[in-house]
Amino acid sequence: MKQRQQDKPWSKPRPDFVAGEHMRRLTTERKKQSGKRAREERKMRISLEKAENSVQNAAKKAAVPPWFPPLIVLAVLLGVLLIIPGILNLRKADTGKSVDDHRTYVSIYADNVRVVNVPAATIYAEPDIKAERIGQVLFNSPVQVTETEHEQSGFVYLTTLDGKQGYIRPDELSMDRQSVEPDLYTHKVVVTDLQKSVMTHASNGNLMIEVKRGTVLYILYDGTNLFRVQLPDGKEGWVSSTGVFKLSAKMDVPVTDNEAFTSYVLAFDQTKFMEHGLTNEGVDMPGVLSVTSYINGVPLPSDIVALAETGETVENAVVQPSYLDTKVLRSGDVIYFKPIVGYDEENRAIGGEEVEKLGIWLGDDQILTDSQRTFSIVRQQPDSIFSSWIPYRVARYFH
């Protein structure tokens, strides 16, 4: 028996199948799908590009431009140069005024007044550096020039505030008086240390000048433990607040007491003796007295003859003709001596016509005076002085 052949699936073409048409439909469908995917990919790519561009633009906006760092540096420099001085200005002594503010003011000095621009200028009896020294005048002190006929030879003739007259070198004087005009300032400092450094800057500055005890400087600005002060020739400097005391510009130095005066006097112990000197580099006893009494509120001349007539006489301190009763003395009392020029019939010492020596009583049987043996200012006992000098008068300036 013959087995009937089974029909195989798709052994005959389907009636609805046409190969060419199927391929066309398939191709068309694939193209549609490919085009759709391409469009979607293109849209996605465009969206991604837009998003990326937005991010890049935002980054560019947020990024630091190349001109920005130099601007920061410039701002810092301007802050140092402008803002910080402005802050310092806020610390100006009360309403302290700078000499640069172009205010009108009434000058208390005439046009022939000049200002000392060295630590201590020497005054000579004649227009010659080999002539007799008759005095000194401290830095930033006004002096009145009365004659200039010797200026070409290096000297001018002047009068100091305490009436001393003589010759001084013109290169030690400044014609700029702004550093001594009190109407321009609200406060001043008076130097109480034997010497005081004036610096170019408030910190890490260079030394400009070493001023001496008794020097007066007017304050431009008041900083923390520092003062900016006006100097001659339009210069400015800085001093620390130690070794000085601050006063109103037109205020006199207040009077202290005998203990304060004595402690300041002792700073000159062992200082080199120099006739008519005023500083720690060389001084005599009238200089010690005049400078130290000034910073303690009692202005005195530096001439010993004039000094001998000042102060309150201590009664019964000198028992004529040559005995000094130390029991009635207080520290700070000033003893004036005359030289022994002979003896009377009873062998009592006879003094000269004028006072030529002074000593300051320190207590504990000690006197601060000059020593001809050591050429310095030293402490001595009264007995060591009486062999050549007799006490003439004791004056008291402080209580």
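This is a short chat about the pockets, one helix and one loop residue of a predicted model.

Biologist: Hi! What kind of model is this, and how are its residues numbered?

Modeller: The model is predicted, so local features need pLDDT of at least 70 and side-chain atom pairs count only at pLDDT 80 or more, while totals for chains, interfaces and linings use all residues. Residues are numbered from 1 along each chain as its sequence is written, and side-chain values use heavy atoms, leaving out hydrogens and water.

Biologist: Cool. How much space lies in the largest pocket?

Modeller: About 920 Å³. A pocket here is an open set of points on a 1 Å grid over the protein atoms alone, where a 1.4 Å probe fits, with protein on both sides within 12 Å along at least five of seven lines. The volume is the space filled by probe spheres set on the points.

Biologist: And which residues are closest to its centre?

Modeller: Ser-141, Leu-161, Gly-214, Val-216 and Tyr-294, out of 35 that line the largest pocket. Lining residues have an atom within 4 Å of a point. By class, this lining has 20 nonpolar, nine polar and six charged residues. Asp, Glu, Lys and Arg count as charged, and Gly is among the polar ones.

Biologist: What about the second largest pocket, how much space lies there?

Modeller: About 330 Å³. Of its 18 lining residues, the closest to the centre are Glu-275, Asp-284, Pro-286, Ile-304 and Glu-356. Its lining has eight nonpolar, three polar and seven charged residues.

Biologist: Switching to helix α3, which of its residues are buried?

Modeller: In α3, residues 258-265, they are Asn-258, Phe-261, Thr-262 and Val-265. Helices are DSSP runs (H or I, at least four residues) and strands are too (E, at least two). Buried means under 20% relative accessible area, with a 1.4 Å probe and protein chains only.

Biologist: Where do those buried residues fall, seen down the axis?

Modeller: They fall within an arc of 100°, so they line one face of α3. The arc is that of the directions from the helix axis to the C-beta atoms.

Biologist: What do they pack against?

Modeller: The buried residues of α3 pack against α4, β22 and β23 (366-371).

Biologist: Last one: is Thr-160 buried or exposed?

Modeller: Thr-160 is buried, with a relative accessible area of 10%. Thr-160 sits in the loop between β5 (156-159) and β6 (165-168). Leaving aside residues up to four places away in sequence, Thr-160 touches Ile-123 and Val-143, where contact means heavy atoms within 4.5 Å.

Note on methods
Buried means under 20% relative accessible area, exposed over 50%, partly exposed in between (1.4 Å probe, protein chains only).
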